[in-house]
Amino acid sequence: MPASESAPSALRLNLRIFSVVMFNFANYLTIGLPLAVLPGYVHEHLGFSAFWAGLVISLQYFTTLLSRPQSGRIADEKGPKKVVVLGLCGAVVSGVFYALAAWNDSSPIVALTLLCIGRLILGAGQSFAGTGATLWGVGVVGSRHIGRVISWNGVATYGAMAIGAPLGVWINHIGGLKLVSYTVIAIALLFVLLALPREAAKVTPGKKLPFREVLGKVWVYGIVLALASVGFGVIATFITLFYADRHWEGAALTLTIFSCAFVGVRLLFPNSINRFGGLRVAIVCFTVEITGLLFIWSAALPLMAELGAFLAGAGFSLVFPSLGVLAVKVVTHILLFSFWS
C-alpha cells in the first residue's frame with residue numbers, strides 16, 4: 001500500500017484533533033463569558049478601583065502560571081484526559097463562586113473575595129484543561145503533528161474568546177452576573193460529561209529529565225512568550241475600563257476582533273513556521289503585535305482601538321506555536337543526547 005493511502009487524510013486528521021480540542025474550546029468559553037463583564041462589575045457595580053478590577057482578572061493568569069508544571073506532571077503520570085476533566089471541574093467551581101458573589105453583592109468586600117477565589121480556581125482549571133487538551137491531542141494523532149495540535153488549540157482558545165466575550169455581555173444584560181455564572185457552570189458540566197466516556201490517550205513512560213535541565217534550555221522561549229502575552233493580558237483586563245473611561249461602546253467587540261484576527265492568521269498561514277522557521281515568524285509577529293498595541297495606546301476613536309486590537313491579535317497568533325516548536329526541538333535534542341550518552 002502506498003504511503004499516501006496509509007496516512008490519514010488532512011480532514012480526518014483535523015477531525016481527530018477537533019474531537020479533543022473542543023474541550024479546550026469549552027474551557028476558554030467559560031473564561032471568555034465573564035471577561036468583559038467582571039471589570040465593569042467590580043469597578044462600577046461593587047465600587048472598587050480599577051486596580052481591583054484588574055486584580056480580579058489577573059489572578060486567573062497568576063494561578064495558571066503557577067499550576068502549569070503541576071498540570072504537566074499529572075498529565076504525564078495519570079494521562080491528559082484526567083487533567084482535562086479536572087480543569088473543566090475547576091471551571092464549574094469557579095462558576096459557583098461567581099454565583100455566590102452575585103448573591104452577596106450587597107456586601108462588596110464579600111463579593112470581591114468570592115470573585116477572587118473563583119478566579120484563582122479558574123486559573124488552575126485553565127492550566128489543567130489547556131495542558132491536558134494539547135497533550136491529549138498529541139496522544140491521539142502522534143508527536144509529529146504537535147505543531148498542528150498547538151495551532152488548533154490556539155484556534156479553539158481564541159475562537160471561544162471571540163464568541164464568549166460578546167455572548168457574556170449579552171447574557172449579562174439579560175440576567176446579570178448570576179445568569180453568566182449559571183451559563184459557565186452549565187457549559188463546563190456538559191463538557192465534563194462528554195469527556196468522561198471518551199477513550200483516554202495511552203501514557204507512555206519516557207526518560208525523565210531533571211526540571212532544572214529542561215528549564216535551562218527553554219527558559220528564554222518562555223520569557224519571550226510571556227512578553228508576547230502581556231499585550232493580550234492588558235487588552236483582556238483593561239479594554240472594558242478603557243472604553244468606559246472614554247464613554248465608548250463596544251469593548252466586547254474589541255475583544256472579539258482580537259480573537260478573530262488571532263484565529264484568522266492561524267487558519268490563513270498554517271505552514272508559515274515550516275516554511276520560514278519559528279524564529280523568523282516570531283520576530284514578524286512581535287513587530288505586528290507591537291504596532292497594534294501602539295494603535296490602542298494612541299487611539300482617539302474606537303475604530304483606531306479596534307484596528308490596534310486586530311493587529312495585536314494577528315501578531316500574537318503565531319508566537320506560541322513558533323516558540324513551542326523551537327522549544328520542543330531543544331528538549332528533543334536533550335533527550336537524544338541523553339539516550340546516546
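**Notes on an all-helix model**

1. Long-range contacts. Take the contacts in the protein with a separation of 6 or more: residues 24 or more positions apart account for 82% of them. Keep in mind that this is a predicted model.

2. Secondary structure. The protein has 13 helices. Strands number zero. Read along the sequence, the pattern is α-α-α-α-α-α-α-α-α-α-α-α-α.

3. Burial and surface. The protein has 341 residues, and 50% of them count as buried. The exposed area is about 16800 Å². Carbon and sulfur atoms supply 71% of that area.

4. The core. The largest nonpolar core holds 91 residues. Which of them touch the most other members? They are L115, Y158, L177, F258 and F316. Helix α7, residues 146–195, gives the most to this core, with 18 residues.

5. A look at L177. Set aside its neighbours within four places in sequence. L177 is then in contact with V37, L38, Y41, Y98, A102, L115 and N172. One of these partners, L115, is also among the core residues that touch the most other members.

6. A nonpolar patch outside. Not every nonpolar side chain is hidden: L11, L15 and F18 form a patch on the surface. Together they have about 290 Å² of accessible area. F18 is found in helix α2, residues 10–32. Is F18 buried, exposed or partly exposed? Its relative accessible area is 32%, so F18 counts as partly exposed.

7. Salt bridges. How many does a search of the whole structure find? The search finds two.

8. The R73 pair. R73 forms a salt bridge with E77. Their closest N and O atoms are 3.0 Å apart. Both residues lie in helix α4, residues 50–78. They are four residues apart, about one turn of the helix. R73 is partly exposed, at 37% relative accessibility. E77 is partly exposed too, at 42%.

9. The D245 pair. D245 forms a salt bridge with R246. Here the closest N and O atoms are 3.6 Å apart. D245 has a relative accessible area of 57%, so it counts as exposed. R246, with 32%, is partly exposed.

10. Cysteines. The count of disulfides comes to zero. C89 is partly exposed, with a relative accessible area of 34%. C260 is also partly exposed, with 45%.

Methods
Residues are numbered from 1 along each chain as its sequence is written. This is a predicted model: local features need pLDDT of at least 70, side-chain atom pairs count only at pLDDT 80 or more; totals for chains, interfaces and linings use all residues. Side-chain values use heavy atoms; hydrogens and water are left out. A nonpolar core is a set of buried Ala, Val, Leu, Ile, Met, Phe, Trp, Tyr and Cys residues joined through side-chain atoms within 4.5 Å. Buried means under 20% relative accessible area, exposed over 50%, partly exposed in between (1.4 Å probe, protein chains only). Helices (H or I, at least four residues) and strands (E, at least two) are DSSP runs, numbered from the N terminus. Contact means heavy atoms within 4.5 Å. A disulfide is a pair of cysteine sulfur atoms within 2.5 Å. Accessible areas come from the Shrake-Rupley method with a 1.4 Å probe; for residues, only the protein chains shown count as cover. Patches are made of residues with over 30% relative accessible area and no salt bridge: like charges are joined within 9 Å, nonpolar side chains (Val, Leu, Ile, Met, Phe, Trp, Tyr) within 5 Å. A salt bridge is a side-chain nitrogen of Lys or Arg within 4 Å of a carboxyl oxygen of Asp or Glu.
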